[in-house]
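Here is a brief report on a single protein model. Have the sequence and the 3D view open as you read.

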Amino acid sequence: MSPAERDALSLSFLPESGSPPVEWRISDDPVDYETALREMDDRVQRIIAGDAGEQIWLLEHPPLYTAGTSAQDSDLVAPDRFPVYRAGRGGQHTYHGPGQRVAYVMLDLKRRQPDVRAFVSALEAWLIGTLWQYHLRGERREDRVGVWVRRPDRGAGHEDKIAAIGIRLRKWVTFHGISFNVEPELEHFSGIVPCGVTDHGVTSLVDLGIPVTMAENDSVLRAEFEKIFGPTVDA
């Protein structure tokens, strides 16, 4: 991503003048999926009503699979391995578990730019900028949502997914968000066809030789988020 692309996205998704900083919330203990959905839904309703501000909620889930609105039953290879949840977000099947940073993104696009495609591009830019801080080149694909890294060590043309994106909007307030692989058990992805993609694999920072802790990566995520979406404040 060129500096010009980064600057354009920053201008597009900074909040309108006078908006309060985005709350930055981190849960240290794993959060079960149904609890997360309830809390996220409540927060979105409060943002819509004007009773709460925007929030980014960083957490980890116990091992589980989620199915988005485009999920195909045939892509659930091992339906009895982990709990499976219908997520209500866009996209197909994905895995969540320890070592993967999930960020639920609750932003009011009316205060920014009411453009879903541009918002997804901004999320990709956030992840690409984070990877760049580790001297890793993350890339987007026109036919595949998410962020990918080339793996020439595994053969010509091979690439792996390191981050997934799945969102939903209600009255221009976003929820669900991103999942970023720091050090999950990659074998757990074998129970699904991740995001319906069969021709490529899955990787993580640690798999790519970057020995980073979750807390260290959270700091990088926060700094890169602020470059595109504006200031944050501890929740």
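## N181 in strand β10

N181 is part of strand β10. The model is predicted. The cut-off for buried is under 20% relative accessible area, and N181 has 3%, so this residue counts as buried.

Its side chain has polar partners. One is Q100: the side chains of N181 and Q100 make a polar contact of 3.0 Å. Another is T203, whose backbone oxygen sits 3.0 Å from a polar atom of the N181 side chain. Leaving out residues up to four places away in sequence, N181 touches G99, Q100, K161, I162, F189, V202, T203, S204 and L205.

## Nonpolar cores

L205, one of the residues that N181 touches, also belongs to the largest nonpolar core. That core holds 39 residues, and the members touching the most others are I56, F119, L123, W126, L205 and F229. Two or more residues each come from β1 (22–26), β2 (55–59), β6 (100–106), α3, β8 (144–150), β9 (159–170), β10 (173–181) and α4 (214–229). Helix α3 contributes the most, with 10 residues.

Take L123 as an example. Neighbours within four places in sequence aside, L123 contacts V105, I165, I167, I178 and F229. A second core is separate from this one. It has 16 residues, among them Y33, A36, W57 and V173.

## Helix α3

Helix α3 covers residues 116–132. Does its length fit or depart from what 17 residues should give? At 1.5 Å a residue, the expected span is 24 Å. The end C-alpha atoms are 24 Å apart, so the two agree.

Most of α3 is covered, with 13 of its 17 residues buried. At the start of the helix, a side-chain oxygen of D115 comes within 3.2 Å of the backbone nitrogen of R117.

An α-helix has 3.6 residues a turn, so residues three or four places apart point the same way. Look at F119, L123 and W126 with that in mind: these α3 residues are among the core members that touch the most others.

## A three-stranded sheet

Which strands make up the open sheet, and in what order? There are three, arranged β4-β3-β5, with mixed pairing. The edges are β4 (84–86) and β5 (93–96). Each has a single partner strand, so one side of each lacks a neighbour in the sheet. From one strand to the next, the twist averages 30 degrees.

Strand β3 (residues 64–67) runs parallel to β4, and three bridges join them. Within this sheet, A67 stands opposite R86 of β4.

Key: Residues are numbered from 1 along each chain as its sequence is written. This is a predicted model: local features need pLDDT of at least 70, side-chain atom pairs count only at pLDDT 80 or more; totals for chains, interfaces and linings use all residues. Side-chain values use heavy atoms; hydrogens and water are left out. Helices (H or I, at least four residues) and strands (E, at least two) are DSSP runs, numbered from the N terminus. The expected span of a helix is 1.5 Å times one less than its number of residues. Buried means under 20% relative accessible area, exposed over 50%, partly exposed in between (1.4 Å probe, protein chains only). A polar contact is a pair of N or O atoms within 3.5 Å; within protein, one must be able to donate a hydrogen and the other to accept it, and residues adjacent in sequence count only if both atoms are side-chain atoms. Two strands pair if DSSP finds at least two bridges between them. Axes are lines fitted to C-alpha atoms, for helices over the stretch in contact, and angles run from 0 to 180 degrees between N-to-C directions. A nonpolar core is a set of buried Ala, Val, Leu, Ile, Met, Phe, Trp, Tyr and Cys residues joined through side-chain atoms within 4.5 Å. Contact means heavy atoms within 4.5 Å.
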